[in-house]
Amino acid sequence: QPDGKAAEYAETIHRHSLRLKKLTEDLVEASKAASGAITVNFERIGLNQMLRQAVGEYAERLTAARLTPVCRFTEEEVFISADGRLLWRVFDNLLSNIVKYSLEGTRVYITLSRNAGHAVISFKNISRDTLNVDVSELMERFVRGDASRHSEGSGLGLNIALSLCDRMNGTLTLACDGDLFRADVEFLEI
């Protein structure tokens, strides 16, 4: 059936064009963040509230991926000085990676703690695939944990998150212990 084949080709072209559009947008954002060409509007941010919102926004996607979020936040609100829009993008990138790359049927830990005047937000998950690159390489552009994987994602998310944290005077560090993947975002408390 020529019509069926044409529709299939059109769908494939459409899917690839959307992926290319997303890659282009991510590359522009990564370039802006890394070069400092992004405006940072510092404001007082309550991390408990923002993290609860972020996890709430991801509730359906976490459920669909058969992931159970386990949130442990401080009892009292923790405040930092950051750009709410950019910090949201950092959390969005990290939660998106959790949904894409976690082993189904596992728990995901999101914690907010205090350490010597710093607020530390940790995202921990069990990786679905073996990470076959050094964890420091995951911060580089276009690198994904499994080089053989051709799934969604541009390989720019962690690089963007790192650059955005840096622009807001925060840090993003990654650690991997076997299949346990951990991303820590740290800011000075105010």
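**View 1. Strand E4 (residues 107–115) and strand E5 run antiparallel and are joined by seven bridges.** Helices and strands here are DSSP runs, numbered from the N terminus, with at least four residues for a helix (H or I) and at least two for a strand (E). Two strands count as paired if DSSP finds at least two bridges between them. Across this pairing, arginine 114 stands opposite alanine 119 in E5. As background, strands of a sheet pair through backbone hydrogen bonds, either parallel or antiparallel.

A quick note on the model: this one is predicted, so local features need pLDDT of at least 70 and side-chain atom pairs count only at pLDDT 80 or more, while totals for chains, interfaces and linings use all residues. Residues are numbered from 1 along each chain as its sequence is written, and side-chain values use heavy atoms, with hydrogens and water left out.

**View 2. Five strands make an open sheet in the order E2-E4-E5-E7-E6.** The pairing in this sheet is mixed. At the edges you'll find strand E2 (68–72) and strand E6 (171–177), each pairing on one side only. From one strand to the next, the twist averages 15°. Angles like those in the next view run from 0 to 180 degrees between N-to-C directions, with axes as lines fitted to C-alpha atoms, for helices over the stretch in contact.

**View 3. Helices H2 and H4 meet the sheet strands.** Helix H2 (residues 47–57) lies across E2, E4 and E5, and runs at about 170° to E4. Helix H4 (residues 84–101) packs on the sheet, where it touches E4, E5, E6 and strand E7 (180–188). The direction of H4 makes about 20° with that of E5. Contact means heavy atoms within 4.5 Å.

**View 4. A search of the whole structure turns up one aromatic pair.** Phenylalanine 91 and phenylalanine 123 have ring centres 5.8 Å apart and planes at 50°, so the pair counts as tilted. For the rule behind that: rings of Phe, Tyr and Trp (its six-membered ring) pair if their centres lie within 6.5 Å, and planes under 30 degrees apart are stacked, over 60 edge-to-face and the rest tilted. The pair links distant parts of the chain, with phenylalanine 91 in helix H4 and phenylalanine 123 in strand E5, 32 residues apart. Both phenylalanines are buried; that means under 20% relative accessible area, with exposed over 50% and partly exposed in between (1.4 Å probe, protein chains only).

**View 5. Asparagine 93 is also in helix H4.** Asparagine 93 has 8% relative accessibility, so it counts as buried. Leave aside neighbours within four places in sequence, and asparagine 93 is in contact with Gly157, Ile160 and Ala161. The C-alpha atoms of asparagine 93 and glycine 157 are 5.5 Å apart in space, although the two residues are 64 apart in sequence.

**View 6. Isoleucine 126 lies in strand E5 (residues 118–126).** With 28% relative accessibility, isoleucine 126 is partly exposed. Not counting residues up to four places away in sequence, isoleucine 126 touches Tyr101, Ser102, Leu103, Thr106, Asp179 and Leu180. Thr106 is 20 residues from isoleucine 126 in sequence, and their C-alpha atoms are 7.0 Å apart.

**View 7. Strands E1 (residues 43–46) and E3 pair in the antiparallel sense over four bridges.** Glutamate 43 has alanine 82 as its bridge partner in E3. Side chains alternate along E3 (residues 79–82): Ile80 and Ala82 point to one face and are buried, while Phe79 and Ser81 point to the other and are not. The charged end of arginine 44 sits over the ring of phenylalanine 79, 3.6 Å from its centre. To qualify, NZ of Lys or CZ of Arg must be within 6 Å of the ring centre and within 35 degrees of the ring normal.

**View 8. Two loop residues have positive phi values without being glycine.** Arginine 66, in the loop between helix H3 (59–64) and E2, has a phi near 55°. Asparagine 169 has a phi near 65° and is found in the loop between helix H5 (157–167) and E6. Asparagine 169 is exposed, with a relative accessible area of 63%.
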